[in-house]
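Work through the exercises below with the sequence and the 3D view open. Try each task before reading its solution.

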Amino acid sequence: MEKLRHMMNPLDFSVEELEDLFDLAGEIEKDLPGFSHKCDGKILATCFYEPSTRTRLSFETAMIRLGGQVIGFADANSSSAAKGESVADTIRVISCFADICAMRHPKEGAPMVAASKSSIPVINAGDGGHQHPTQTLTDLLTIRSLYGSLKNFTIGLCGDLKFGRTVHSLINALSRYEGIRFIFISPKELKVPDYITEMLRQKNIPYEEVIKLEEVMPQLDFLYMTRVQKERFFNEEDYIRLRNFYILDKEKMALAKEKMFILHPLPRVNEISVEIDNDPRAAYFKQVQYGMYVRMALILTLLGIK
Amino acid sequence: MLNIGKIEEGFVLDHIQAGKSMQIYRHLGLDKLDSTVAIIKNAKSKAMGKKDILKVECDIDSLDLDVLAFIDHNITVNVIKDGVIIEKRSLVLPKQITGVIKCHNPRCISSIEQELPQIFYLADEENEIYRCRYCDEKYSEGDANNL
């Protein structure tokens, strides 16, 4: 019997395993109808202890497009957690109903506890500020599909680099590939944490930290935008002074390479001006599409379906 | 000067950082033993200024030395037989410790899930950093008082 596998952290899969996963996602992209019966008779349980409409719909659509069906709950109030049931007990019950589970939980490590008690594969669909591996897999697949590989490019990460878990996770995941150069663009209050820059120094991976986006725009192959939230600043003056540095508009895009791509984990608020949406370099909605392909590929891989 | 006699069979934990002996006494479960235990606090030390020493008359293999290594891996462990030191054991940082320290991250699942063991793993050996198995929160020395 094959060992039960879960997806808790993007680093759970080796670089080679991720290549296979992304190849499969590429095949799905080319021939979506060809995969529409791969999961006939299979059930995905989406156990969402906190609302996250986009992630849940992406998982559910992925399973439905594979021919499978979906059960689950969209917030803790409509689950037995409201009655005080433990995560360990819930997953034991879900294991009796479904073939695979995607779990989102506000408590960090909850999907890992579930995985340790589960007899079906568990996918971490986001646990508090800790991990959100399928977002990182989405980002990696998007970069690979648009650029052709996951090697030799410069990526700028802009905005809140201190608290953004998607940013930390993406940096960790990209640090396993060759020839990547990072440029961190943020106010000093929201700089990338020291443990990340320490890790990059240890691995001899080049990085630069700047405050203004304009300064580095011409160097970038990818620009990963995140939101700068007002409440992260100590005072309003600083926020007002700095916020425009991190809003992407036509003026700043004029400085970028013709083939630079803009990514964003979404939801976007005002950090990317809507006037950019029709720019061919705006890849953030395409990224959502890749998110579904990578979740389809992940479901197939964890279920051991060829 | 206070004198404590030699032990015949057992072990001596020497070079314990002054003030930590009671913590070690508790975590090694020495309070549950029916053996002779001597706790020497604030003994004079050339190297350390002050140190604590524990002398215990029982078989060393019945104790969890991983816990000891986690608390302070610079402690010297002398195994005694027939009144003489027959072995000096060195302590290595354990790769994982269970049920010794508690995660203080309020967002961690271990803060609400019943009967979940508290597990920490050695994330960085050089800097002696342990992280919670569930949420990866770093264990900070300041939490040591809550051991």
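The exercises that follow cover a sheet, two helices, some backbone details and the second chain of this predicted model.

**Exercise 1. In what order do the 4 strands of the open sheet in chain A lie, and which strands stand at the edges?**

Step 1. Read across the sheet. The order is 2-1-3-4 in chain A, with parallel pairing.

Step 2. Find the ends of that order. Strand 2 (69-73) and strand 4 (122-127) of chain A each have a single partner strand, so one side of each lacks a neighbour in the sheet.

Step 3. Check the twist. Neighbouring strands are turned by 15 degrees against each other on average, direction ignored.

Step 4. Look at one pairing. Strand 1 (residues 43-48) and strand 3 (residues 100-105) of chain A run parallel and are joined by 5 bridges. In strand 3, Met103(A) is the bridge partner of Cys47(A).

Step 5. Add the helices. Helix 2 (residues 53-65) of chain A packs on the sheet and touches strand 1, strand 2, strand 3 and strand 4. Its direction makes about 175 degrees with that of strand 1. Helix 4 (residues 110-117) of chain A also packs on the sheet, touching strand 3 and strand 4. Its direction makes about 165 degrees with that of strand 4.

**Exercise 2. Which residues of helix 1 of chain A are buried, and why do they line one face?**

Step 1. Check the length. Helix 1 (residues 15-30) of chain A has 16 residues and reaches 23 Å from its first C-alpha to its last, close to the 22 Å expected.

Step 2. List the buried residues. They are Leu18(A), Leu21(A), Phe22(A), Ala25(A) and Ile28(A).

Step 3. Look down the axis. The buried residues of helix 1 fall within an arc of 110 degrees, so they line one face.

Step 4. Recall the helical repeat. An α-helix has 3.6 residues a turn, so residues three or four places apart point the same way.

Step 5. Name what packs there. The buried residues of helix 1 pack against helix 5 (133-147) and helix 11 (284-303) of chain A.

Step 6. Turn to the face away from the buried side. It carries the exposed residues Glu16(A), Asp23(A) and Lys30(A).

**Exercise 3. What covers the buried residues of helix 2 of chain A?**

Step 1. Check the span. The 13 residues of helix 2 should span 18 Å, and its end C-alpha atoms are 18 Å apart, which agrees.

Step 2. Pick out the buried residues. Among them are Phe59(A), Ala62(A) and Met63(A), but also Arg56(A), Glu60(A) and Arg65(A).

Step 3. Identify the cover. It includes strand 1, strand 2, strand 3, strand 4 and helix 11 of chain A.

Step 4. Move past the helix end. Gly67(A) follows helix 2 and has a positive phi, near 95 degrees.

**Exercise 4. Where do His15(B) and Glu128(B) lie?**

Step 1. Place His15(B). It is in strand 1 (residues 10-17) of chain B. Its phi is positive, about 60 degrees, although it is not a glycine.

Step 2. Judge its exposure. His15(B) has 16 other C-beta atoms within 10 Å and is partly exposed.

Step 3. Place Glu128(B). It is in the loop between strand 7 (119-124) and strand 8 (129-132) of chain B. Its phi is positive, about 55 degrees, and it is not a glycine either.

Step 4. Judge its exposure. Glu128(B) has 13 C-beta neighbours inside 10 Å, so it counts as partly exposed.

**Exercise 5. How many residues does each chain give to the contact?**

Step 1. Count both sides. Chain B gives 12 residues and chain A gives 12 residues.

Step 2. Sort the chain B side. It has 6 nonpolar, 3 polar and 3 charged residues.

Conventions:
Residues are numbered from 1 along each chain as its sequence is written. Chains are lettered from A and ligands numbered from 1 in the order in which they are written. This is a predicted model: local features need pLDDT of at least 70, side-chain atom pairs count only at pLDDT 80 or more; totals for chains, interfaces and linings use all residues. Two strands pair if DSSP finds at least two bridges between them. Helices (H or I, at least four residues) and strands (E, at least two) are DSSP runs, numbered from the N terminus. Axes are lines fitted to C-alpha atoms, for helices over the stretch in contact, and angles run from 0 to 180 degrees between N-to-C directions. Two residues are in contact if their C-beta atoms, placed from the backbone, lie within 7 Å. Ala, Val, Leu, Ile, Met, Phe, Trp, Tyr, Cys and Pro count as nonpolar, Asp, Glu, Lys and Arg as charged, and the others, Gly among them, as polar. The expected span of a helix is 1.5 Å times one less than its number of residues. A residue is buried if 20 or more other C-beta atoms lie within 10 Å of its own, exposed if 12 or fewer, and partly exposed in between; C-beta atoms are placed from the backbone. The arc is that of the directions from the helix axis to the C-beta atoms.
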